[in-house]
Amino acid sequence: MPKSKPPTARSKTALILAGGGITGVVYEIGALHALDQYLGEGFTIADFDMIIGLSAGAFVGSFLANGITPEAMFAALRQDPRAPLAPFPKWDVFRPNFGEFFERALALPRTLALNAFKKLRKVAGGNPYVSVFDEVLPSGIFVNDRVESYLRHSLHRLGRTNDFRQLRRRLYVIATELDTGDRIVFGDEGHDHVPISKAVQASTAIPLFYRPVRIGRRDYVDGAMRKTLHADIAIAKGAKLIVCINPVVPLRNDIEREAVPLFEGKGRYLREKGFGYIAWQMLRVLLHSRIELGLERYKRLHPDVDIILIEPRMDDYRMFFHNIMDYEARVPMAKHGCDTAMAHLAEHFDEYGAIFARHGIQMVRPGRRIPLSVPVHRPAPPRAPAFRSDRDVSRLQASLDALAARLP
């Protein structure tokens, strides 16, 4: 009898969740639910060896790393009273930066007077007010401190951990240090003492929209400023299979059809939507070009690493024209993310199935589509924190010895 081929040993795996505002959060929840349906027995989305999250992806990844399923997150989006997670209130997302507005406004008259006096003493003419108004404007329109408190309270209420060092699976949250432009990897050595909730707050601080987040003596903003995916972190940590979910792609508009939504009817050209959408398209082109160049580079330098990219189609008009900070459409956009990801995985099933198989993971075609409100797998119960050092063991032993000494 011919010998059966031994099963391929499972490689080290990584899941990368990119940014994209509120729409990015809900798209990724839907896409994760879709991906879970295509994973075979013995492996789920909770089994990736590491999760790398930035901006919106950091928010989703922090829950996923704690064993909280996409279905539980979706239940919170729907404000289901039976959901294990409390709903995230709309006004916690759009909480104005009143403190800084008032502080700078109160200082304006004195600042203008002092600046004008200095300018007039040194040189006649010119505009003494230009640089002053730069300093009068606040550092962000809104504050996202409620993101931190929501995440911290949710993890505590569910018996999960807010400490990177106590997670069973590695979690890395990316942020950008404002004053240096350096990338900071929270969860990595030297930055794993920062609470997960605080790291996520820093990573989700979209520049100008949110005030920078102060941690220690440093200010941090959105993790997507340096790179869109940060797949190099996963490669450096030894991952051989990397699955990336990216909600933000540029539009490939077909000018032969009237598909651009306008207040009155439909248009052919993107410029008909005005300045904002032109800027939005250019930003998306920039972000996605970084992904394309990065993937080409990783393929050339690391041929033993496979990277799968799940993202919307570039002709997905609904995703492009949907405001990424629209809170009201979170449920239909989560369903849209699930539906489009299911279609993407079905289209690339043979290609992705072969890639997963090379790394010891089976991909299967789902027999029936499971609604987003129904878990694909039974959620894992809360797990006790893992001990990470001999110091932890020594402290536990000392406590047990002290307890034993008190017993009769």
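Two strands count as paired if DSSP finds at least two bridges between them, where strands (E, at least two residues) and helices (H or I, at least four) are DSSP runs numbered from the N terminus. On that footing, strand E8 (residues 213-215) pairs with E9 in the antiparallel sense, over three bridges. Ile215 sits opposite Arg218 of E9. E8 and E9 make up a hairpin with two residues in between, and the turn residue Gly216 has a positive phi of about 65°.

This is a predicted model, so to speak of local features takes pLDDT of at least 70, side-chain atom pairs count only at pLDDT 80 or more, and totals for chains, interfaces and linings use all residues. Residues are numbered from 1 along each chain as its sequence is written, and side-chain values use heavy atoms, with hydrogens and water left out.

E9 (residues 218-221) also pairs with strand E5 (residues 170-177), antiparallel over two bridges; here Thr176 has Val221 as its bridge partner. Elsewhere, three strands build an open, mixed sheet in the order E3-E4-E7, with E3 (95-96) and E7 (208-210) at the edges. Strand E4 (residues 140-143) runs parallel to E7 over two bridges, and Gly140 is partnered with Leu208.

As for the inside, the largest nonpolar core (buried Ala, Val, Leu, Ile, Met, Phe, Trp, Tyr and Cys joined through side-chain atoms within 4.5 Å; buried is under 20% relative accessible area, 1.4 Å probe, protein chains only) has 89 residues, with Leu15 and Phe63 among those with the most contacts inside it. Helix H1 (residues 21-38) gives the most, ten residues. A second, separate core of 22 residues includes Leu54 and Tyr172.

Methods
Buried < 20%, exposed > 50% of the residue type's maximum accessible area, 1.4 Å probe, protein only.
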